[in-house]
Amino acid sequence: MDLLHNLELGFSVALTLKNILYCFTGTLIGTLIGVLPGIGTPTAIALLLPFTYGLEPTTALIMLAGIYYGAQYGCSTTSILINIPGEPSGVVTVLDGYQMARQGKAGEALLTSALGSFFAGCVATILIAAFGPPLANVAFKFGPAEYFSLMILGLIAAVVLARGSVIKAVGMVILGILFGLVGTDMKTGTQRFTFGWVELFDGIDFVVIAMGILGIAELITNLEVAEENRESFAKSTKSLGIWRLSRDDFRRAWPAAMRGTAIGSGLGVLPGGGALISAFASYALEKRLSKERERFGKGAIEGVAGPESANNAGAQTSFIPMLTMGIPSNVVMALMIGALMIHNIQPGPQVMSKNPDLFWGLIASMWVGNLMLVVFNLPLIGVWVKLLTVKYRLLGPVILAVCSIGVYTVSNSSACVLLMALFGALGYVLVKLDFEPAPLLLGFILGPMLEDNLRRAMTISRGDPSVFVTRPLSLILLGIALLLLLAMLVPSIAKRREKTF
Amino acid sequence: MKIRDPKNFLGGSLLIGFGLGALLIARTYKMGTAFRMGSGYFPVLLSSLLIVIGIIVAALGFKSGEVKLPKIAWRQLIMISASVAVFGLILKGAGLLLATFVMVVVSRLARPGYSWIETLVLGVAISAFCSAIFYFGLKIQMPLLPKWG
């Protein structure tokens, strides 16, 4: 049994005292940094990278991986508590997680997120051990045309998850893509939409736009209502104690977590936004499957369980392309490759055969790290929820200060802070006009990749757009996207008919 | 024709505005062909699409339904944005402690009737807290104290 043998080797590496200790340190630091809005995972890893130079490569990687999913978890915490996602995937968690917190169910939301992530982590670990090598080959089948279609699918999923009008959500996606294009065009070197502003040459950072359009805008909205009249987060929140899900919550959450895990494990293998799209896809799926669709966006627990599981499963399987092909699926993975190179390990198919202890040790440590996350975050949930009982007139300025300093650290420039102020104002106006911010953010993240893959696909096909429908995988992806869109439009058309006839 | 849903009308106009602005700028970039796309191809495509969608959304504003224009909380909007902007502008010169303090004070102007003593205490506390985490804890490169004086 290869699988058992591999896992055994992995756990024998991961469960040495030293590795457990570093895994714990990593996840702890990751969580703490993750809850500071603005200090994202890349910053956290970059800050701590020098400390890992002296360690053995396996230990170093285990610690970095710990920071990675620790920060992912910390980011879910801020998404749920204060409507600020520190990572792109948190954009989905915000939708229902923050609404749950507003209804006094912050503890349940955090618990769902922790348990969903842990469950997904367990499944993903076994999946990687069993199918890691063949899964890696899937990514090879993905050419530019397939990636373009996958991103279209992701964007359509973002439209599906919007609460209000479909056409407005499409508008938000496109506006988001346009914001994503700001900066230097990678292919031609042209400065686009930078207005000659040097700080914009590298584009707008995700943290700047996300904190502005979600965080600052929410802050303004919250201050609009007088403290006495404001619905209190804490009003119905249970006091400190053991957190448990009601039977009803559990019944809703577990199937969502299972489906989310499946989606995340599949899409996570694809480098470039796979894990992120899986969170959006999972949300869209849960919303479609649900009999009470109107609950989504108003604190549906499935909307937290599904995407959080998908995201965590995706985050773990995204180690496969990194380790076996040396393809980083995001900035964090790129930094990890850097860490490997420092130790003279060349990522590639040979990692598995040449450094089996590193490969399997890392995978086993992911499971250990996830377990640790659950164990030390369960008591922390009480502390986080307690934070919400602080009066907003005191808490508001703290959030504001931490966000602004965090954004400043993104590139050590005031330009980011000013941009965040602008996006905050824009976000507030958009909410007032019934536009959803989530599609805009996904468009923003996928925009540059969308353009890049469109260009490459068209260059390979010599300018023939039929390439997207003649390649079977691409056709399937586009077909699913079209079905999603139709399924969404049909009920609203049918309803209108009922009204007119 | 009467505007029945100002939210849609204004929202559509906003999209049209963004689309037009982006289109005008993107027109100056090289278009290229579908085979070899220039830097302008994709932006021109997108901004045109955005204008079309903006027109549809704005047109929905003339359709049935009576929706009132939402009230914009100007004071909160301006004060919060201003507090962030001021922080960004003065941070390099004034240092972390003072810039954070000023930001807290300005942001507290967003609502009338807050006690001044509470504002001052809060300002001092938050500046100290943030310096402890970011400057001393995470050792992030930024000035702590004002350069002048």
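**Stop 1: α9 and α18 of chain A**

Select α9(A) and α18(A) in this predicted model. Their axes come within 7 Å and cross at roughly 55°. The two helices, α9(A) and α18(A), are therefore oblique to each other. An angle counts as oblique here because it falls outside the parallel, antiparallel and perpendicular ranges. Look at the handedness next: α9(A) and α18(A) make a right-handed crossing.

Now show the side chains where they meet. On α9(A), pick out residues including Val208(A), Ile209(A), Met211(A), Gly212(A) and Ile213(A). Further residues of α9(A) in the contact include Ile216(A), Ala217(A), Ile220(A) and Thr221(A). On α18(A), the partners include Cys416(A), Leu419(A), Met420(A), Phe423(A), Gly424(A), Tyr428(A) and Val431(A). Colour the contact of α9(A) with α18(A) by class: 16 residues are nonpolar, four are polar and none is charged.

**Stop 2: α17 and α18 of chain A**

Keep α18(A), residues 414-432, on screen and add α17(A), residues 392-411. What is the angle between α17(A) and α18(A)? They pack at about 130°, with their axes 7 Å apart. That makes α17(A) and α18(A) oblique to each other too. The crossing of α17(A) past α18(A) is right-handed.

Select the contact residues. From α17(A), take Ser404(A), Val407(A), Tyr408(A), Val410(A) and Ser411(A). From α18(A), take Cys416(A), Val417(A) and Met420(A). Six residues in the contact of α17(A) with α18(A) are nonpolar, two are polar and none is charged. Cys416(A) and Met420(A) belong to this contact, and they also belong to the contact with α9(A).

**Stop 3: two loop residues of chain A**

Go to the loop between α18 and α19 (437-460) of chain A and select Asp434(A). Its phi is near 65°, a positive value in a residue other than glycine. Is Asp434(A) buried, exposed or partly exposed? Asp434(A) is partly exposed, with 16 other C-beta atoms within 10 Å. A residue would need 20 or more such atoms to count as buried, and 12 or fewer to count as exposed.

Next, select Phe193(A). This residue sits in the loop between β2 (191-192) and α9 (206-224) of chain A. Phe193(A) has a positive phi, near 50°, and is not a glycine. With 19 C-beta neighbours inside 10 Å, Phe193(A) counts as partly exposed.

**Stop 4: chain B**

Hide chain A for a moment and show chain B. Chain B has four helices and zero strands. Along the sequence, the pattern reads α-α-α-α. Turn the chain in the viewer: the C-alpha trace of chain B spans about 55 × 50 × 25 Å along its principal axes. The radius of gyration of chain B is 23 Å, whereas a compact globule of 149 residues would have one near 15 Å.

Colour chain B by burial. Of its 149 residues, 39% are buried. Then look at contacts in chain B with a separation of 6 or more: 65% of them join residues 24 or more positions apart.

**Stop 5: where chain B touches chain A**

Bring chain A back. How many residues of chain B are in contact with chain A? The contact involves 57 residues of chain B and 53 residues of chain A. Highlight α1 (6-26), α2 (41-60), α3 (74-108) and α4 (116-137) of chain B, since each supplies at least two residues of the side that touches chain A. α3(B) gives the most to that side, with 17 residues. By class, the side of chain B that touches chain A has 39 nonpolar, 13 polar and five charged residues.

Key:
Residues are numbered from 1 along each chain as its sequence is written. Chains are lettered from A and ligands numbered from 1 in the order in which they are written. This is a predicted model: local features need pLDDT of at least 70, side-chain atom pairs count only at pLDDT 80 or more; totals for chains, interfaces and linings use all residues. Axes are lines fitted to C-alpha atoms, for helices over the stretch in contact, and angles run from 0 to 180 degrees between N-to-C directions. Angles under 35 degrees count as roughly parallel, over 145 as roughly antiparallel, 65 to 115 as roughly perpendicular and the rest as oblique. A crossing is left-handed if the near helix is turned anticlockwise from the far one by less than a right angle, and right-handed if clockwise. Two residues are in contact if their C-beta atoms, placed from the backbone, lie within 7 Å. Ala, Val, Leu, Ile, Met, Phe, Trp, Tyr, Cys and Pro count as nonpolar, Asp, Glu, Lys and Arg as charged, and the others, Gly among them, as polar. The radius of gyration is taken over C-alpha atoms; the globule rule is 2.2 Å times the number of residues to the power 0.38.
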